[in-house]
Amino acid sequence: MQNNFILQVENITKKFGNLVAVNNVSLNVVQGEIVGLIGPNGAGKTTLFNVISGLFPPERGRVIFKGKDVTRVVPHVICKMGMSRTFQVTRAFASMSVEDAIRVGAYNRHTNKETLEIVNEVIQFCDLGKLRRRKCADLGLAALRRVELARALATEPDLLLLDEAGAGLNPSELGNLMDILKEVNREKGITLFVVEHVMQMVMGLCQRIFVLDAGELIATGAPEEISQNPRVIEAYLGKRAIR
Amino acid sequence: MDAVIQLLVNGALMGCIYALITLGLSLIFGVMNIVNFAHGDLVMISMYMAFWMGSYMGLDASLTPLITFPMLFLLGIGIYYALIDRTLRQKYVTQIAVTVGLMTFLRAVAQLAWKAQPRSLPYSLISGNFQIGSATIMTSRLISALVSVLVIVLVALFLSRTWPGRAIRAVSDDLDASSLVGVNQKATYALAFGLGSALTAIAGGMLMTFQQVDPTMGLRFGLLSWCVLALTGLGSISGLLISGIIVGCAEALAMGFWDPRARLLVVYLIFILVLWLRPRGVFGRK
Ligand SMILES: Nc1ncnc2c1ncn2[C@@H]1O[C@H](COP(=O)(O)OP(=O)(O)OP(=O)(O)O)[C@@H](O)[C@H]1O
Ligand SMILES: [Mg+2]
């Protein structure tokens with residue numbers, strides 16, 4: 001790699017029938033940073049994540065991960081290359097125990113024997129010790145979000161996409177999650193790309209923010225710049241707020 | 001009364017084999033949501049293979065799974081890549097058409113290769129019978145039932161304790177989420193289809209120790225396994241055994257007290273009744 005971009009999104013367009021969910025979006029993520037992606041409901045944030053992680057092939061554009069074109073690569077290969085993610089609507093493995101669900105992630109890089117060690121470490125890291133033998137279907141939202149995070153961490157990614165990891169959490173759970181995420185970034189050196197509605201979390205966590213509105217990228221910048229950008233305020237509050 | 005007990009004993013022993021056949025079907029259905037109409041015909045093919053190895057190679061039917069298990073496993077993987085993989089994203093009718101087509105094909109092959117008359121092997125290593133109370137127990141049926149239960153337990157352990165087993169469970173819980181944490185969807189589906197098919201080899205071999213085979217037999221095993229699966233629901237191993245035994249006993253009672261030709265009718269009635277009253281099964285999850 002000549003540059004230090006871990007992820008390059010180039011002119012991505014994704015349509016659902018006539019609806020252009022993501023329209024010609026380009027952005028770069030630098031190795032080691034925490035970047036945010038915000039935007040009103042239906043802006044196309046989740047869709048962009050689905051394109052990046054290989055679930056939806058885009059109509060146009062390229063996704064470059066670690067210098068390699070992964071636009072039409074299947075998700076599990078992208079994961080092997082070092083990218084994993086969590087979901088907005090939690091998707092832990094309902095019929096499996098917390099421990100087993102995380103172990104599935106650990107197999108991404110390790111043989112059966114080694115996985116137990118990884119699982120133990122990740123479980124401790126995400127504070128899931130008391131829940132390790134519980135079934136995922138029986139857990140509450142905050143715990144499920146941590147299971148998803150743990151499962152993704154167990155794959156030992158270099159880039160982690162988090163889709164609204166803070167949604168539905170109370171302030172203390174949110175504080176916990178932010179601490180964990182900062183540690184993930186600082187100690188494991190994992191680049192974080194987060195979609196977030198909770199402004200407190202975006203502002204407190206991200207070094208750079210992209211703003212998406214109706215499928216288009218309308219602003220990029222540091223949190224302070226973004227919060228004062230008229231186009232962003234317009235997108236969030238409607239045109240009347242500007243006049 | 002003695003007659004009832006005798007029928008129940010036979011039915012329960014058969015039921016264990018039905019449970020084993022259904023385990024294969026359940027694995028395939030649970031993982032990739034495919035209705036494999038050819039499953040019963042794989043049992044029939046396995047029985048013919050056991051017959052063939054018994055009559056031309058002198059191998060005892062109960063030992064044929066040692067050879068037919070890997071063969072059916074490979075056949076299953078071949079079927080997956082050649083047929084099933086392409087239909088996964090198609091409409092439901094297409095999937096049904098493909099597996100019904102496979103069923104017809106297997107049946108036609110069996111009819112060509114072995115003609116329509118029933119075949120059976122003259123003897124087996126496990127033969128004879130013994131008495132418990134008033135009931136006579138055929139050793140071959142008893143051993144077949146025990147082998148079935150053992151294999152079911154082994155598969156359950158495989159699913160819960162091993163890497164491929166966990167991958168199979170993860171993929172059946174959530175395909176997208178599992179592929180995003182590194183699980184290879186195609187390989188896992190192929191493995192599930194191969195294993196599901198291979199289990200019919202064990203059932204087929206054991207059945208040949210005391211039964212004859214004919215080319216239309218697939219229909220019976222197909223219907224039986226659908227009935228047991230409907231009764232069980234998905235995800236319960238103990239429920240699978242109980243359902244198998246219930247269906248086996250119902251079938252035996254119908255044959256004993258009504259008419260041997262009524263056996264499938266009773267199975268079909270249970271099937272319809274369960275779908276009507278408990279569409280998600282009695283023992284399963286969700
Ligand atoms: N699988 C799909 N099929 C059809 N339309 C879809 C699909 N997924 C998303 N859309 C549409 O694409 C647009 C963008 O949706 P997306 O989920 O990406 O928005 P989002 O920014 O994540 O919103 P939110 O903040 O509500 O999560 C929406 O209009 C949505 O209805
Ligand atoms: Mg979203």
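Donors are N, O and S atoms within 2.8 Å of the metal. The views below show a predicted model.

**Figure 1. The magnesium ion (ligand 2) and its protein donors in chain A.** Two protein atoms serve as donors to the magnesium ion: OG1 of Thr46(A) and OE1 of Gln88(A), at 1.8 to 2.1 Å. The two residues come from distant parts of the chain, 42 residues apart. Thr46(A) belongs to helix H1 (residues 45-52) of chain A, whereas Gln88(A) sits in the loop between strand E6 (83-85) and helix H3 (98-106) of that chain. Thr46(A) has a relative accessible area of 25% and is partly exposed. Gln88(A), at 32%, is likewise partly exposed. Water is not among the atoms, so the site may look incomplete.

**Figure 2. The interface of chain B and chain A.** Between them, the two chains bury about 1,800 Å², and 59% of this area lies on carbon and sulfur atoms. Arg166(B), Leu180(B) and Val181(B) together provide 38% of the area that chain B buries against chain A, more than any other three residues. The contact involves 25 residues of chain A and 20 residues of chain B. Ten residue pairs are in polar contact across this interface. On the side of chain B that touches chain A, the elements giving two or more residues are helix H5 (139-161), helix H6 (163-173) and helix H7 (175-179). Of these, H6(B) gives the most, with five residues. Sorted by class, this side of chain B holds seven charged, seven polar and six nonpolar residues.

**Figure 3. Salt bridges between chain A and chain B.** Side chains of opposite charge can pair when their charged atoms come close. Four salt bridges are found across the interface of the two chains. In one of them, Asp100(A) meets Arg169(B), with N and O 2.8 Å apart. Asp100(A) is in helix H3 of chain A and Arg169(B) is in helix H6 of chain B, so this pair joins two chains. Both Asp100(A) and Arg169(B) are buried. Arg91(A) and Asp176(B) also form a salt bridge, with an N to O distance of 3.5 Å.

**Figure 4. Salt bridges within chain A, among them Arg133(A) with Glu99(A).** Over all chains, the whole structure contains 18 salt bridges. The closest N and O atoms of Arg133(A) and Glu99(A) are 2.9 Å apart. Arg133(A) lies in the loop between helix H4 (112-125) and helix H5 (141-154), and Glu99(A) in helix H3, so the salt bridge ties together parts of chain A that are 34 residues apart in sequence. The partners differ in accessibility: Arg133(A) is exposed at 67%, while Glu99(A) is buried at 11%. A further salt bridge links Asp69(A) to Arg62(A), at 3.8 Å from N to O. Asp69(A) is partly exposed, with a relative accessible area of 39%, and Arg62(A) is partly exposed at 38%.

**Figure 5. The surroundings of Thr191(A) in strand E8 of chain A.** Strand E8 comprises residues 191-195. Thr191(A) has a relative accessible area of 0% and is therefore buried. Although Thr191(A) and Gln31(A) are 160 residues apart along the chain, their C-alpha atoms are separated by 6.0 Å. A polar atom of the Thr191(A) side chain lies 2.8 Å from the backbone nitrogen of Gly32(A). Setting aside residues up to four places away in sequence, the residues that Thr191(A) touches include Ile6(A), Val29(A), Asp158(A), Leu160(A) and Asn185(A).

**Figure 6. Thr13(A) and Ser26(B), two buried residues.** Thr13(A) is part of strand E1 (residues 5-16) of chain A. Its relative accessibility is 6%. Beyond its neighbours within four places in sequence, Thr13(A) has contacts that include Val20(A), Val22(A), Pro58(A) and Arg60(A). Ser26(B) is found in helix H1 (residues 2-32) of chain B, with a relative accessibility of 14%. Leaving out residues up to four places away in sequence, Ser26(B) touches Val31(B), Leu229(B) and Leu234(B).

**Figure 7. Positive phi values at Glu164(A) and Ala214(A).** Glu164(A) is not glycine, yet its phi is positive, near 50°. This residue occupies the loop between strand E7 (159-163) and helix H6 (171-187) of chain A, and Glu164(A) is buried at 4% relative accessible area. Ala214(A) also has a phi near 50°. Ala214(A) lies in the loop between strand E9 (208-213) and strand E10 (216-221) of chain A. With a relative accessible area of 55%, Ala214(A) is exposed.

Key:
Residues numbered from 1 in each chain as written. Chains lettered and ligands numbered in written order. Predicted model: local features only at pLDDT ≥ 70, side-chain atom pairs only at ≥ 80, totals over all residues. Heavy atoms only, no water. Contact = heavy atoms within 4.5 Å. Buried area = accessible area lost by both parts, 1.4 Å probe. Salt bridge = Lys/Arg side-chain N within 4 Å of Asp/Glu carboxyl O. Polar contact = N/O pair within 3.5 Å; in protein donor to acceptor, adjacent residues only side chain to side chain. Helix = DSSP H or I, 4+ residues; strand = E, 2+ residues; numbered from the N terminus. Nonpolar A, V, L, I, M, F, W, Y, C, P; charged D, E, K, R; others polar. Donors = N, O, S within 2.8 Å, 3.2 Å for Na, K, Ca; no water. Buried < 20%, exposed > 50% of the residue type's maximum accessible area, 1.4 Å probe, protein only.
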